Amino acid sequence: MGSLSFEKDFEPSVVTPRGLIANGDFGEMKRLKVATATTPRKNLNITVTEPGSRNDGPSLDCILMNYIDTLSQRINYHIGYPVNICYEHYASLAPLLQFHLNNCGDPFLQNTVDFHSKDFEVAVLNWFADLWEIEKDQYWGYVTNGGTEGNLHGILVGRELLPTGILYASKDSHYSVAKAAMMYRMNFEMVNTSVHGEMDYSDLKAKLLQNKGKPAIINVTIGTTFKGAVDDLDIILQTLKDCGYTHDQFYIHCDAALNGLIIPFIKNQMISFKKPIGSVTISGHKFLGCPMPCGIQITRKSYINNLSRKVEYIASVDATISGSRNGLAPIFLWYSLSAKGQIGLQKDVKRCLDNAKYLKDRLQQAGISVMLNELSIIVVLERPRDHEFVRRWQLSCVRDMAHVIVMPGITREILDNFVNDLLQQRKKWYKDGNVTPPCVAEDIGAQNCACSYHKIDFIIP
Ligand SMILES: *Cc1c(COP(=O)(O)O)cnc(C)c1O
């Protein structure tokens, strides 16, 4: 996702900023709170200064406080990217910052150094293994630095098992999949998608038949990044069978970055190692919520020997992608999972789905083009015309579309503010009729398009 930047001015928040400062104890910094905190700024203009030369400028704590204040304001406008900012645990976990925790190497093996959190890591892995129905002694996995690393790992496992395999991924797959194909120099078949963003299975079938004789490594997206479409694993497995691919001729990696913790609470057993899949990956900082980027990668233990290398320096075996790994992330994940539990997660899922539906209905009633896929919390809408608006709400835009990702931290109040702001701005953008809202029929389907042409279509059938 894009990094936070403050290049554009923004309006002071109209709702109470949630979270950050109110519950936190930042001690000294609290008292240093500066009066100008809500003033719009163009750029934070941070420089590294020598300790002796700061007499004329603000103190380090003051700069930090200012930054935290800005973040606390902007959090009410954080609706365009899939991060869950609802975690209450940073205060309990803050003392961990006094240690350097590094989970370098294999989570299941002995370390020479004690400053790791592998016991927490294994607890988290066991939880996900259970969720995805694989026995403890049958799986291998690790806590990654994010969904991307999980994809890089899963596809590598597939490539090592089937070295001549062709990588298949849909057009709407995350860009990290194409990155993997490039890094590993794999042959890559891009599969078409429907207007909703789901894999086009007839195109997959055609390509599988065309490449018959070469193994298939398939990336299945459980919740596409932009439209939130879920590729149907069962149809893909059936397609492989219909095309005559036996189990030893294909490898399936499931990229469940966002929806991996949503689907199991709506459609149980959709993602399951009881099916012939090779790996599943998920981002830890997305639906679950974790202040640092991280992810979980689970694969079959029997596959991993191909990849493991003895590394004398760390006195361990390493089958992971990176060297040093963040030892804080597994503890945060463990804390979140334990604090929420299955019931808490289920509640989050239900609330997000309800709120996404609420937003979709409000936009639809206002005559705005909008689409919401089944099993998804991503509301796709027509691209707002004005860059300022897009920047204020931190929206991600593709062609003539934008999306709002209705994460657990997003309240109806925030959604109402967004809709009201959008309606108000639209009146300005389109008031004289010279410009009209974009047609998004090709992007989200004519039935979801409310442009002047398709709206008329809709009224006079
Ligand atoms: C976000 C996302 C990723 C990448 O995850 P990071 O944690 O950002 O590396 C991969 N796949 C999908 C479908 C995603 O939405």
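How do the residues of the shell around the ligand divide into nonpolar, polar and charged? I would like to start from that question, and I should say straight away that what we have in front of us is a predicted model, so everything that follows is to be taken as a reading of that model. The shell divides into four nonpolar, twelve polar and one charged residue. There are 17 residues around the ligand, and those that come nearest are Gly146, Gly147, Thr148, His174 and Ala257. If we ask which element gives the most to this shell, the answer is helix 6, residues 147-161, with three residues.

Let me turn now to the sheet of seven strands. This sheet is open, its strands follow the order 1-7-6-5-4-2-3, and the pairing is mixed. At its edges we find strand 1, residues 139-144, and strand 3, residues 188-191, each of which pairs on one side only. On average, and with direction ignored, neighbouring strands of this sheet are turned by 15 degrees against each other. As one detail within the sheet, strand 5, residues 250-255, and strand 6, residues 279-283, run parallel and are joined by three bridges; Asp255 has Thr281 in strand 6 as its bridge partner.

Helix 5 takes us from this sheet to the next part of the model. This helix, residues 118-131, lies across strand 1 and strand 7, the latter being residues 295-300, and helix 5 runs at about 65 degrees to strand 7. Helix 5 also meets helix 11, residues 328-365: the two axes come within 8 Å and cross at roughly 50 degrees, and helix 5 and helix 11 are therefore oblique to each other. The crossing of these two helices is left-handed. On the helix 5 side the contact involves Phe120, Glu121, Ala123, Val124 and Trp127, which meet Pro330, Ile331, Leu333, Trp334 and Leu337 in helix 11. The residues of that contact divide into nine nonpolar, no polar and one charged.

What does helix 11 meet in helix 13? Here Asn355, Tyr358, Leu359, Arg362 and Leu363 of helix 11 meet Arg412, Leu415 and Val419 of helix 13, and this contact divides into five nonpolar, one polar and two charged residues. As for the geometry, the axes of helix 11 and helix 13, the latter spanning residues 412-429, come within 11 Å and cross at roughly 20 degrees, which makes helix 11 roughly parallel to helix 13. The crossing of helix 11 with helix 13 is right-handed, whereas helix 5 passes helix 11 in a left-handed crossing.

Helix 11 also brings us to a second sheet. This one is an open sheet of four strands in the order 10-11-13-12, and the pairing is antiparallel. Strand 10, residues 370-372, and strand 12, residues 396-398, are the edge strands, each pairing on one side only. Neighbouring strands here are turned by 25 degrees against each other on average, again with direction ignored. Strand 12 and strand 13, the latter covering residues 401-405, run antiparallel and are joined by three bridges, with Val398 standing opposite Met401 in strand 13. Helix 11 packs on this sheet, where it touches strand 10, strand 11 (residues 378-382) and strand 13, and the direction of helix 11 makes about 160 degrees with that of strand 10.

One more helix pair remains, namely helix 8, residues 201-210, and helix 9, residues 233-242. Their axes come within 10 Å and cross at roughly 30 degrees, and since angles under 35 degrees count as roughly parallel, helix 8 and helix 9 are therefore roughly parallel to each other. The crossing of helix 8 and helix 9 is right-handed. From helix 8, Tyr201, Leu204, Lys205 and Leu208 meet Ile235, Ile236, Thr239, Leu240 and Asp242 of helix 9, and the residues of this contact divide into six nonpolar, one polar and two charged.

To come back to the opening question, the shell around the ligand holds four nonpolar, twelve polar and one charged residue, while the contact of helix 5 with helix 11 has nine nonpolar, no polar and one charged.

Key: Residues are numbered from 1 along each chain as its sequence is written. This is a predicted model: local features need pLDDT of at least 70, side-chain atom pairs count only at pLDDT 80 or more; totals for chains, interfaces and linings use all residues. Axes are lines fitted to C-alpha atoms, for helices over the stretch in contact, and angles run from 0 to 180 degrees between N-to-C directions. Angles under 35 degrees count as roughly parallel, over 145 as roughly antiparallel, 65 to 115 as roughly perpendicular and the rest as oblique. A crossing is left-handed if the near helix is turned anticlockwise from the far one by less than a right angle, and right-handed if clockwise. Two residues are in contact if their C-beta atoms, placed from the backbone, lie within 7 Å. Ala, Val, Leu, Ile, Met, Phe, Trp, Tyr, Cys and Pro count as nonpolar, Asp, Glu, Lys and Arg as charged, and the others, Gly among them, as polar. Two strands pair if DSSP finds at least two bridges between them. A residue is near a molecule or strand if its C-beta atom, placed from the backbone, lies within 6 Å of it.
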